[in-house]
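Visitor: I am new to this structure. Please take me through one part of it closely, and then show me what ties other parts of the chain together.

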Amino acid sequence: MKTEMKPLRTFAATVKSFKSHARQEPCRITNLLFILSLFLSLSILFLFKSHYCSSPFGKSQTLMNVQVPVKVVNENDDPPLIEDEDEDQEDKNRALINTKTQKAKPICYETSSRSDTCEVEGDVRVQASTNTIFFHPCTSKPQQWRIKPYTRKGDSSALKHVKEWTLKSVMNVEELPQCTKTLTVPAMLFSSQGFTGNFFHDFTDVLIPLFINSYQFHGEVQFLVSDFLSWWVNKFSLILKQLSKYDIVNLEGEEKDVLCYPRLIAGPSFHKELGIDSMKSPNGYSILDFKKLLRQAFGLKRDTVVITKKPKLLIISRKKSREFLNEKEIAQLAMSLGFDVIIGEGRWDITVSKFANLVNSADVMLGVHGAGLTNMVFLPKDAVVIQVIPFGGLEKVARRSFESPTMDMKIKYLDYVIQVNESSLIDQYPKDDPVLKDPMSVHKQGWIALSSLYLGKQNIRIDLQRFRNTLLEAFKLVSNNSSMIHTQ
């Protein structure tokens with residue numbers, strides 16, 4: 001600072017010397033020179049400040065654009081926001097970000113504890129005869145991955161009839177098998193085996209996970225079905241056609257062909273029972289988007305509950321096990337409380353479309369814990385589900401399967417837990433038997449013992465007086481949360 005201020009001190013001394021020689025000049029000359037010296041001093045100070053000190057307004061916008069550093073992007077971060085008038089540079093930055101993200105993405109990854117999913121792009125060739133998916137290019141040395149494309153990872157009983165597929169990266173394109181059929185759209189590989197045939201598993205294991213991966217393509221995707229079951233594909237063909245505009249490929253019949261695609265996803269992604277985690281799904285799709293697709297597939301008329309005269313109660317009837325032994329009395333009780341009652345049974349000779357329309361017409365759906373409650377996916381918003389939970393300490397598994405999904409579906413949930421005197425098991429076992437006195441001792445024997453006893457051997461005779469309160473609560477819920485249209 002001493003060196004920088006030296007010119008100021010020299011200039012002040014000069015002014016002082018000049019004034020000493022001009023003592024006999026008129027005062028106005030002295031004043032004029034003094035004012036001039038102040039002006040020059042201020043000018044010099046301003047020049048020093050502007051050159052060595054920071055501007056109170058910061059750097060100019062042009063300088064900031066030049067000096068902005070490019071941030072190193074972590075694949076978990078959002079792309080950096082850079083204010084730059086050069087659009088070409090922005091495009092280059094985005095391309096760099098996308099390239100880094102793509103390189104970091106693994107071929108196969110865990111989508112939940114229940115499922116793995118593999119994705120490949122480029123030159124993808126499916127050889128059904130060897131259950132192999134070849135792809136090129138690969139980023140490093142040749143590698144292999146194996147997957148069973150069904151969402152019950154680690155469940156040997158579910159995967160017993162599900163074929164394993166190998167994904168194999170190939171360095172030299174000349175080593176790829178020759179294409180016999182080529183499509184320009186992505187492919188989605190899944191198995192129709194596992195626990196299919198059970199309505200609950202049809203949806204939670206296959207159809208909803210399939211929606212999660214394929215809905216993003218808006219129909220521009222082809223399904224490749226391993227372990228092909230024609231009856232299953234036919235049963236749910238209206239849903240599959242909403243997801244894909246192309247013929248479904250039975251890989252069992254393509255053993256002589258090599259199918260070629262620009263992209264392939266192997267193994268649907270499971271999020272949760274009868275649900276979708278919109279934070280993990282492509283484009284943020286949710287279970288409400290899946291329900292919208294079901295309405296389109298089956299021509300369902302109602303998105304939301306609208307009551308014309310009386311709220312409609314649908315009783316899901318069962319046979320063989322977990323049957324309502326006093327079903328008619330339950331229906332009569334509900335009618336006495338103001339419900340219009342329908343009894344429906346999802347038999348094999350009734351199409352999914354027909355039963356879906358029946359369910360969609362209901363305001364309240366009542367059923368014992370089991371696959372029949374899966375029909376809640378067809379209910380309109382603000383409808384009520386009543387789950388009757390059999391005796392035997394089954395509350396946790398029952399609520400995880402059918403209570404948890406209702407919130408995301410925008411429907412209401414009630415349950416009614418069966419007491420021992422309402423169970424047919426009291427006619428099969430002595431009163432002091434552990435089956436009746438200590439259900440948790442049966443739980444300790446494992447799922448097979450538990451399910452075969454409390455789900456397979458039990459029927460239900462509901463205590464009508466106790467159940468009355470549950471029906472009244474359902475009537476209140478559906479009436480208070482729905483549009484009311486009164487007709488004469």
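Guide: Start with helix H12, residues 395-402, in this predicted model. Helix H12 lies across two strands, S15 and S16. The helix runs at about 155° to S15.

Those two strands belong to a sheet. Five strands form this open sheet, and their order is S13-S12-S14-S15-S16. The pairing is parallel. Strands of a sheet pair through backbone hydrogen bonds.

Now look at the edges. Strand S13 (340-344) stands at one edge and strand S16 (412-417) at the other. Each has a single partner strand, so one side of each is left without a neighbour in the sheet. The sheet also has a turn between its members: neighbouring strands are turned by 20° against each other on average, direction ignored.

Take one pair inside the sheet. Strand S14 covers residues 364-368, and strand S15 covers residues 384-389. Five bridges join the two, which run parallel. For a single point on this pair, find Val 368: it stands opposite Val 388 in S15.

Next, the disulfides. A disulfide is a covalent bond between the sulfur atoms of two cysteines. The count here is two disulfides. Counting bonded cysteines along the chain, the pattern is 1-2, 3-4.

One disulfide joins Cys 108 to Cys 118, with an S to S distance of 2.0 Å. Cys 108 lies in strand S1 (residues 108-112), while Cys 118 lies in strand S2 (residues 115-127), so the pair ties together parts that are 10 residues apart in sequence. The torsion about this S-S bond, between Cys 108 and Cys 118, is about 110°, so the disulfide is right-handed. Cys 108 is partly exposed, at a relative accessible area of 22%. Cys 118 counts as buried because its relative accessibility is 1%, and buried means under 20%.

The other disulfide is formed by Cys 179 and Cys 260. Their sulfur atoms are 1.9 Å apart. Cys 179 sits in the loop between strand S5 (165-169) and strand S6 (181-182), and Cys 260 sits in strand S10 (residues 258-266), so this pair ties together parts that are 81 residues apart in sequence. The torsion about the S-S bond of Cys 179 and Cys 260 is about -105°, so the disulfide is left-handed. Cys 179 is partly exposed, with a relative accessible area of 26%. Cys 260 counts as buried, at 4% relative accessibility.

Methods:
Residues numbered from 1 in each chain as written. Predicted model: local features only at pLDDT ≥ 70, side-chain atom pairs only at ≥ 80, totals over all residues. Heavy atoms only, no water. Disulfide = S-S within 2.5 Å. Helix = DSSP H or I, 4+ residues; strand = E, 2+ residues; numbered from the N terminus. Buried < 20%, exposed > 50% of the residue type's maximum accessible area, 1.4 Å probe, protein only. Pairing = 2+ DSSP bridges. Axes fitted to C-alpha atoms, helices over the stretch in contact; angles between N-to-C directions. Contact = heavy atoms within 4.5 Å.
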